[in-house]
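Work through the following exercises with the coordinates open, and try each task before reading its solution.

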Amino acid sequence: MQRDKLRKSLEHLGIPVDDYRVLKLLPLIYVAWADGKMEQVKRERIHYFASREYELSAKAIAVLDGWLNKRPSHAYIAEGLHDILQLAQAPDDMEVDFSELPALLSYAEGIARSTAVALDHPGAVSVAADHALEEIARELHIDHGESWAQLLSELGQVA
């Protein structure tokens, strides 16, 4: 039953069922688009991460490229995040493990810090990107804690 719901949702999202792994990149996409634009540095880093971490088929790469070229709607992102959580909780052999969800959030924060102006600077995380990170953490049921930007901001206020 759960697998049938996931299959229907993946089809609704335009993701071939065999390419469900591409969903793991959706948190990165969400954060990259948080400010309403996709910077080239973020596009390159997401492609690099995808090629290094996942063996994506041509169809999955086409889905990823679609996300990189046109901002997915919030409803699409919400459905995809829900599917990631469902895949992680599913008692079958799909390759999404609940223990890897915090790492997805960390990678998404890395993308949020990737800007052409301040490459990898912790303070480069915009308010919109920070809200996206909080939503990802909430939807995936992970403790987000504080981003580097928040931590450094607090330390700066103390000093």
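## Exercise 1: the packing and length of α3

Task: In this predicted model, determine which helices the buried residues of α3 pack against.

Solution: The contacts made by the buried residues of α3 lead to α2 (26-32), α4 (58-69) and α6. The residues that make up this buried set are V41, K42, R43, I46, F49 and A50, where buried means under 20% relative accessible area.

Task: Check whether the end-to-end distance of α3 agrees with its number of residues.

Solution: Begin with the count, which is 14 residues for α3. The expected span is 1.5 Å times one less than that number, so α3 should span 20 Å, and since its end C-alpha atoms are 20 Å apart, the two values agree.

## Exercise 2: the overall fold

Task: Describe the secondary structure of the chain, its degree of burial and the sequence range of its contacts.

Solution: Start with the elements, which comprise 8 helices and 0 strands, so that, by the DSSP runs used here, the order from the N terminus reads α-α-α-α-α-α-α-α. Next, consider burial: of the 159 residues in the chain, 47% count as buried. Finally, take the contacts with a separation of 6 or more, of which 72% are accounted for by residues 24 or more positions apart.

## Exercise 3: the largest nonpolar core

Task: Identify which members of the largest nonpolar core touch the most other members, and then trace the contacts of V22.

Solution: This core holds 49 residues, and those touching the most other members are I15, V22, L25, L64, W67 and L101. Two or more residues are contributed by each of α1 (2-13), α2, α3, α4, α5 (74-89), α6 and α7 (127-139), with α5 giving the most, namely 7 residues. Once residues up to four places away in sequence are set aside, V22 touches I15, L56, A60, V63, L64 and W67. As general background, nonpolar side chains in soluble globular proteins tend to be buried together.

## Exercise 4: the largest pocket

Task: Characterise the largest pocket by its volume, its lining and the chemical classes of its lining residues.

Solution: The volume of the largest pocket is about 170 Å³. Its lining consists of 12 residues, and R45, Y107, G110, I111 and S114 lie nearest the centre. The elements that supply two or more lining residues are α3 (40-53) and α6 (101-113), and the largest share, 5 residues, comes from α6. Sorted by class, the lining divides into 5 nonpolar, 3 polar and 4 charged residues.

Technical notes
Residues are numbered from 1 along each chain as its sequence is written. This is a predicted model: local features need pLDDT of at least 70, side-chain atom pairs count only at pLDDT 80 or more; totals for chains, interfaces and linings use all residues. Side-chain values use heavy atoms; hydrogens and water are left out. On a 1 Å grid over the protein atoms alone, a cavity is a set of points where a 1.4 Å probe fits but cannot get out, and a pocket is an open set with protein on both sides within 12 Å along at least five of seven lines; lining residues have an atom within 4 Å of a point. Grid points are joined across faces, edges and corners, and a volume is the space filled by probe spheres set on the points. Helices (H or I, at least four residues) and strands (E, at least two) are DSSP runs, numbered from the N terminus. Ala, Val, Leu, Ile, Met, Phe, Trp, Tyr, Cys and Pro count as nonpolar, Asp, Glu, Lys and Arg as charged, and the others, Gly among them, as polar. Buried means under 20% relative accessible area, exposed over 50%, partly exposed in between (1.4 Å probe, protein chains only). Contact means heavy atoms within 4.5 Å. A nonpolar core is a set of buried Ala, Val, Leu, Ile, Met, Phe, Trp, Tyr and Cys residues joined through side-chain atoms within 4.5 Å.
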